[in-house]
Amino acid sequence: MNADLSQYPELDVIAVGAHPDDVEIACGGTLARLVDQGYRVGIIDLTDGEPTPNSAGPEVRLKEAQAAAAALGVQVRTILDLPNRRLFDCFETRVALATEFRKHRPKLVIGFGDKTPMASPDHWQAMQITDAAIFYSRLTKWDSHFGGLPVHTIARQLYFRLAVEPDHLSGCLSHLTVDISSTLQRKIDAVACYETQFGHKPQIMQRVAAAAQITGFAAGVAAGEVFASPKSIAVDDLLKTAVL
C-alpha cells in the first residue's frame with residue numbers, strides 16, 4: 001500500500017549539501033533565481049554540521065540554516081540526522097536521501113560533483129550518496145525500504161562546485177552557467193546568516209562574490225554559477241538557449 005504523499009509538498013528542484021552552508025555557497029544564487037521564476041525549490045542537508053568549532057550547538061546552526069533558507073526564499077529545507085565528520089556512503093544513507101526524493105518528487109537534483117581538497121571529506125561522500133539516491137528513488141519492488149512511498153524517477157541531475165573551486169569539473173560532458181546577477185546579493189546574505197562559520201572570516205563574502213563575478217564575466221553576465229551535467233544535454237530551441 002502506497003504512503004499518502006499529500007503531506008509532502010512536491011518540488012521542482014532539490015539541492016543537496018553535506019552541511020548547512022554548502023548549498024548557499026555553491027548555488028544559492030541559482031536557487032533564489034528559480035524561486036523568483038516561480039519554481040518550487042528545496043534544500044536537503046545530509047548532516048546538521050555539528051560539532052563545529054565556533055557554534056554553541058545544533059540549535060544555533062539550525063536557526064542559521066532556517067534564516068539562510070528564508071533569505072533565498074526556498075520553500076522546504078530538511079536536515080537529515082546523519083553524522084557530521086563521519087558521513088559515509090552506505091546503504092542506510094542512500095535510503096535516507098532517496099526517501100526524501102520519493103516524498104518531494106523533484107524533476108531536478110543538484111549536488112556535489114567532485115572532491116574538495118583540504119576541505120571536508122563529507123563533500124565527496126555526499127556526492128556518492130546523492131548519485132546512489134537518485135538511482136534508488138526509481139527502483140521498483142523495494143517498498144519495504146521506503147515506508148510504502150511510491151517510486152519516483154528524477155529527470156535530470158546536475159553537479160555544483162563550491163564557489164571558490166575551479167569552474168569546470170573534469171569528466172563531465174556539459175557545463176552551463178546560470179545568470180545570478182539579480183540574486184547575487186541574496187546569495188551573499190544567505191551565506192552571511194552562518195555567523196558561527198564565517199563571522200570570523202569576513203573575507204569569505206568577498207571571495208564568494210568575486211567568484212560569482214568572474215564566472216559571470218566569462219559568460220557575458222555580471223554574476224554566475226556553473227553547473228556540470230554527467231550526461232549530454234539536448235535542447236530543442238537553440239536560439240533561445242544560446243542567446244540571452
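**Figure 1. Length and packing of helix 4 (residues 122-137).** Sixteen residues make up helix 4, and at 1.5 Å a residue these 16 residues should span 22 Å; the expected span is 1.5 Å times one less than the number of residues. The end C-alpha atoms of helix 4 are 22 Å apart, which agrees. Helices (H or I, at least four residues) and strands (E, at least two) are DSSP runs, numbered from the N terminus. The model is predicted, so that local features need pLDDT of at least 70 and side-chain atom pairs count only at pLDDT 80 or more, while totals for chains, interfaces and linings use all residues. Residues are numbered from 1 along each chain as its sequence is written, and side-chain values use heavy atoms, with hydrogens and water left out. Helix 4 is mostly covered, with 12 of its 16 residues buried; buried means under 20% relative accessible area, exposed over 50%, and partly exposed in between (1.4 Å probe, protein chains only). Among the buried residues are Asp122, His123, Gln125, Met127, Ile134 and Tyr136. The buried residues of helix 4 pack against strand 1, helix 1, strand 2, helix 3 (91-104), strand 4 (108-112) and strand 5 (156-160), where contact means heavy atoms within 4.5 Å.

**Figure 2. Helix 1 and its kink at glycine 28.** The 15 residues of helix 1 should span 21 Å at 1.5 Å a residue, and the end C-alpha atoms of helix 1 are 21 Å apart, in agreement with that value. Helix 1 nevertheless contains a kink of about 75°, centred on glycine 28; the bend at a residue is the angle between axes fitted to the seven residues ending there and the seven starting there. Of the 15 residues of helix 1, 13 are buried, and the helix is mostly covered. Glycine 38 follows helix 1 and has a positive phi, near 95°.

**Figure 3. Surroundings of glutamate 24 in helix 1 (residues 22-36).** Glutamate 24 is buried, because its relative accessible area is 0%. Its side chain makes a polar contact with the side chain of arginine 77 (2.6 Å) and another with the side chain of tyrosine 194 (2.8 Å). A polar contact is a pair of N or O atoms within 3.5 Å; within protein, one must be able to donate a hydrogen and the other to accept it, and residues adjacent in sequence count only if both atoms are side-chain atoms. Residues up to four places away in sequence aside, glutamate 24 touches Ala68, Leu72, Arg77, Lys187, Ala190, Val191 and Tyr194.

**Figure 4. Strand 2 (residues 41-47) and the strands paired with it.** Strand 2 is largely enclosed by the rest of the structure, because 7 of its 7 residues are buried. Strand 1 (residues 13-17) pairs with strand 2 in the parallel sense over 5 bridges; two strands pair if DSSP finds at least two bridges between them. Glycine 17 stands opposite aspartate 45 in strand 2. From strand 1 the chain crosses through helix 1 to strand 2, and this β-α-β crossover is right-handed, a term for a path from the first strand over the helix to the second that runs clockwise with the strands pointing away from the viewer. Strand 3 (residues 76-82) also pairs with strand 2 in the parallel sense over 5 bridges, and leucine 82 in strand 3 is the bridge partner of threonine 47. A right-handed β-α-β unit is made by strand 2, helix 2 (residues 58-72) and strand 3.

**Figure 5. Backbone geometry in three loops.** Most residues other than glycine have a negative phi, and most peptide bonds are trans. A cis peptide bond, with omega about 0°, joins glutamate 50 and proline 51; proline 51 lies in the loop between strand 2 and helix 2. Aspartate 21, in the loop between strand 1 and helix 1, has a positive phi near 110°. Aspartate 21 is buried, with a relative accessible area of 9%. Methionine 118 is located in the loop between strand 4 and helix 4 and has a positive phi of about 65°. With a relative accessible area of 91%, methionine 118 is exposed.

**Figure 6. Proline 230 in the loop between strand 7 (224-229) and helix 8 (238-242).** Proline 230 counts as partly exposed because its relative accessibility is 33%. Proline 230 and arginine 156 are 74 residues apart in sequence and 9.4 Å apart in space, C-alpha to C-alpha. Leaving out residues up to four places away in sequence, proline 230 touches Gln157, Tyr159 and Leu173.
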